[in-house]
Amino acid sequence: MLSPTASLQILLLTVTAVTVSGVQKLTITPDAGATLNISSSQVKGCKVCTGAGRSRQCNTSLLLKGNAPVTVEFDCSRPQDVFSVEIVRNIECTSKSCDSHIVQSDDGSLPFLDFNRKFTWNLRASAPKAFKLDFANTGLRQINALERCPDNHSYSIQALQTTGEVVIGKYCRTGPISSAQILNQGSFSVDIPAGQKLQKGQFDVSLGEEIKSLAKITLTLPKGNSSSELLSPNYPDSFPDDDVMEWYFQVPDKHKTFVQLLKLTQPRCLKKDTAVEYHSRGRGALVLRLTDPQPEQNQGNFSLTLRNCEMDRRRAGSPGLSLNLKVTSSSKSSPVSCKVAVSKMEGLSLHIEKLTPASDCEMKINSVTKEKITVTSNSDLSFQDCLPEDVQVTATRVIECSQLKDCPKTQIRLSVPPLPTCLPAPLSSVTWALRPPQQGTVELTSPMGYLKQSLPRQPCNDSIMIKMAEDDGTAVGHFCPQGSIQKVQIHTNVTVTVSGIGVRALRTSFKHVLNARMSGEISERYIFTVSPKRDSPVFLATPGWPVGMRDYSTVSWIISVPPRMEAHLMFANLSQPKCNNRHTNIRVQRVGRPEEDYSRREDEEAESEIVVSESFYLNMSNCMTEKGEFSVITKITLQKSINLLLTTILSVVAALLVIFAIVLVVVCVVIRKKKKKLNHQVSIYNPNGTSFLPGLQTFPETREDNSDHEYASIEDTLVYTHLLRQGREIGVYGEFDTYRPFAGHTDSQKPLVSKDTGADHPQVGLHQQSQQAPPLPIRPLSHGQGLVDNVIYQAEGQSEEEHSLKLGPRLEPEGGN
């Protein structure tokens, strides 16, 4: 690392300089930290040698490092006609600083005075920083590669890229170039012809900016009239493929500049286009093709950026990109004439306003001085001493129709008009006032793709901003391209303002901003049609956010959910008011489904997340607020549907279970039929009155001995057997302990099974309940819950319809919307 006071100089101590038999011998000592390169342009002929005897080596070039004395011999009488000498030093910058100096000194190098010499400084900065060379004391001016400087000192700046070296330019002392910044690494050198001494001088080296171009050259234009010429890198060869070069001009106050592109050659482009961009404070940027007329004047400091395309160099003779740039500055203060043709403004009115009354800016329309100018017809304007920061230029257009049948049938293009470059400032904003019929709706779509809402978690990185507002100024939202909102429908008068267009106003993709259409009435005040992308969250805010929605206003989002996907909804930044009348409401309802999937008011707690597996409506409505505001940001994320897979698995399992049950029933029926055929049994008559079956070794037990009258379960009514016995005694009931054939059971009449009875034997000792138990009281429905159908709550002979009618209607929450 070179210290701030270090100087690049080669201390060459000549011990002997003799010529014997055509051989010139020099003994030299290079300076520490420097590299000495002696090279020849000839392959054969004179050589430079070191060493003696068997260690003697001769070649057409020699590289010397270190500070040890070295004896060098040239095996020809005039080596200065063949060899040149380059002295190289490296300067390495840190990530935080690069403060150093390049000091030109020729002390001690007189033995090489007869040689062509080149002093080179290799510089490197940590990416993405640049290193900066300061020429403010002397200044430089650029020249053609074949030109020579008056003092024979030719300076060169090179940038080193992965594709190789790029010559930024060749320069002479004294000129408008005050500094140069080179991205990452490069070199600075000065060439001295044979017999010329190196002039003493110093250039400061420091850490530069994080530039986005190959290099940035700064020019400080002098006061008065001046002219400067600049060349593209590698001129007259081609500028590097798909690269960027920048020049920054510091212009004195009340000076005008004129830019011309001379000796232009353009390449055949495979991708992108060649272009020049003009950036200045308060004006944004102006993007032009190389063949377009360049600005005739540009007041104040500005930068000019040259952009190359991806060139097609495969064809023989295909030209690259090269140009000669001429910048002329003038201090003459005279009015600048400007003609505006309204026919090219697509129905827009142009407004030019002087922002600072104390400035020297003077504006005239048709020779009349004005502080504010509105151009509605072809007009002659003039501006004198008007800087971009002194003037604001806007445009407006009103589009209205009283009846829907009178509205345009086709879409209305909302486009940024091309304005003359003679205006002192670019167009800062364009406003369209869209006024549909009383029951009409304004539909807005973007030709540049879908829109997105500008929110803290979803910022707009583009330079263009679209503000939608109601006619009274109530904001709907701020939007920009590259989003998920397909269409915006607003059921009222709308103003659409496009701002920040100065940077890309003339780019084709940003000329046509929106499409508008007048349509019939809609059910909501605002409707947004949204198509989210998978794994890319979409944030949607209520109209006017962060300010709350208007009282009684409604908004709906129609969300498209692709097949086999599901939407996850989260309500962030939810702000609920205290309502004076009605309620706020957040509803989710799938498209084509009558029932709601979700509904919450301001006095109910919202769920943290909702999952919807189909396309759905998200509806929000406001009440008349007494205190606070109603505003919500909804986060929607699409994911693969888990419920679909689970439903498929459950469906398959259910189908298998049904098939298994059917097969089981069929098998049981077949087995039972076979049993009846094979084991046909005949009872034997017993005169004592007891029947028994063949195969029994003993007679059956009597009722007192067997356990057929013991039950595994007993109904409640059988607990009161003493009442039944009393009834029998007075003749009300018959015998209740007698055998009755089993005739099956119903839902309200369950059988009592003996605990010892087998599944395959006839059931005996079966008792039936004589009367049903008294019905349970009808229970009122809880809020938001349906009653589960059950035979316990249903009286015998009562149908389900009759039963549900007696429950009364479902009570809705009071004050719902």
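At 32% relative accessibility, R550 counts as partly exposed, a class that lies between buried (under 20% relative accessible area) and exposed (over 50%), with a 1.4 Å probe and protein chains only. The structure is a predicted model, in which local features need pLDDT of at least 70 and side-chain atom pairs count only at pLDDT 80 or more, while totals for chains, interfaces and linings use all residues. Residues are numbered from 1 along each chain as its sequence is written, and side-chain values use heavy atoms, with hydrogens and water left out.

The partner of R550 is a good place to begin. The side chain of R550 meets that of D472 in a salt bridge, 3.1 Å from N to O; such a bridge is a side-chain nitrogen of Lys or Arg within 4 Å of a carboxyl oxygen of Asp or Glu. This pair links distant parts of the chain, 78 residues apart: D472 is in the loop between β39 (465-470) and β40 (475-481), and R550 is in the loop between β45 (538-541) and β46 (554-559). Strands such as these are DSSP runs (E, at least two residues) numbered from the N terminus. D472 is exposed, its relative accessible area being 54%. Through shared partners, salt bridges join D472 and R550 with E470 and R525 into one network.

In total, the structure holds 21 salt bridges. Another of them is formed by R124 and E92, whose closest N and O atoms are 3.6 Å apart. Here too distant parts of the chain are linked, since R124 belongs to strand β10 (residues 116-124) and E92 to strand β8 (residues 83-92), 32 residues apart. R124 is partly exposed at a relative accessible area of 36%, and E92 is also partly exposed, at 43%.

What lies around K216? The side chain of K216 forms a salt bridge with that of E209 (3.5 Å, N to O). In addition, the charged end of K216 sits over the ring of Y248, 5.3 Å from its centre; for this, NZ of Lys or CZ of Arg must be within 6 Å of the ring centre and within 35 degrees of the ring normal. K216 counts as buried, with 12% relative accessibility, whereas E209 is partly exposed at 41%.

Another charged residue, E277, is found in strand β23 (residues 275-280). E277 is buried, with a relative accessible area of 5%. Its side chain makes a polar contact of 2.9 Å with the side chain of H279. A polar contact is a pair of N or O atoms within 3.5 Å; within protein, one must be able to donate a hydrogen and the other to accept it, and residues adjacent in sequence count only if both atoms are side-chain atoms.

Turning to the rings, a search of the whole structure finds 13 aromatic pairs. Rings of Phe, Tyr and Trp (its six-membered ring) pair if their centres lie within 6.5 Å, with planes under 30 degrees apart counted as stacked, over 60 as edge-to-face and the rest as tilted. The pair of W121 and F188 is tilted, because the planes stand at 35 degrees, with the ring centres 6.1 Å apart. W121 in strand β10 and F188 in strand β16 (residues 185-192) are 67 residues apart. Both are buried, W121 at 1% and F188 at 0%. F188 also pairs with Y155, and these rings are stacked, at 5.6 Å centre to centre and 15 degrees between the planes. Y155 lies in strand β13 (residues 154-161), so its pairing with F188 in strand β16 ties together parts that are 33 residues apart in sequence. W121, Y155 and F188 belong to one aromatic cluster with F135 and F203.

Finally, the structure holds nine disulfides, each a pair of cysteine sulfur atoms within 2.5 Å. One of them joins C149 and C172, with the sulfur atoms 1.8 Å apart. Its torsion about the S-S bond is about -90 degrees, so this disulfide is left-handed. A second joins C338 to C422 (S to S 1.9 Å), and with 60 degrees about the S-S bond this link is right-handed. Because C338 lies in strand β28 (residues 336-340) and C422 in the loop between β35 (412-415) and β36 (427-435), the pair ties together parts that are 84 residues apart in sequence. C401 and C407 are likewise joined (S to S 1.9 Å), in a right-handed link with 75 degrees about the S-S bond. C401 and C407 are both buried.

Methods. Helices (H or I, at least four residues) and strands (E, at least two) are DSSP runs, numbered from the N terminus.
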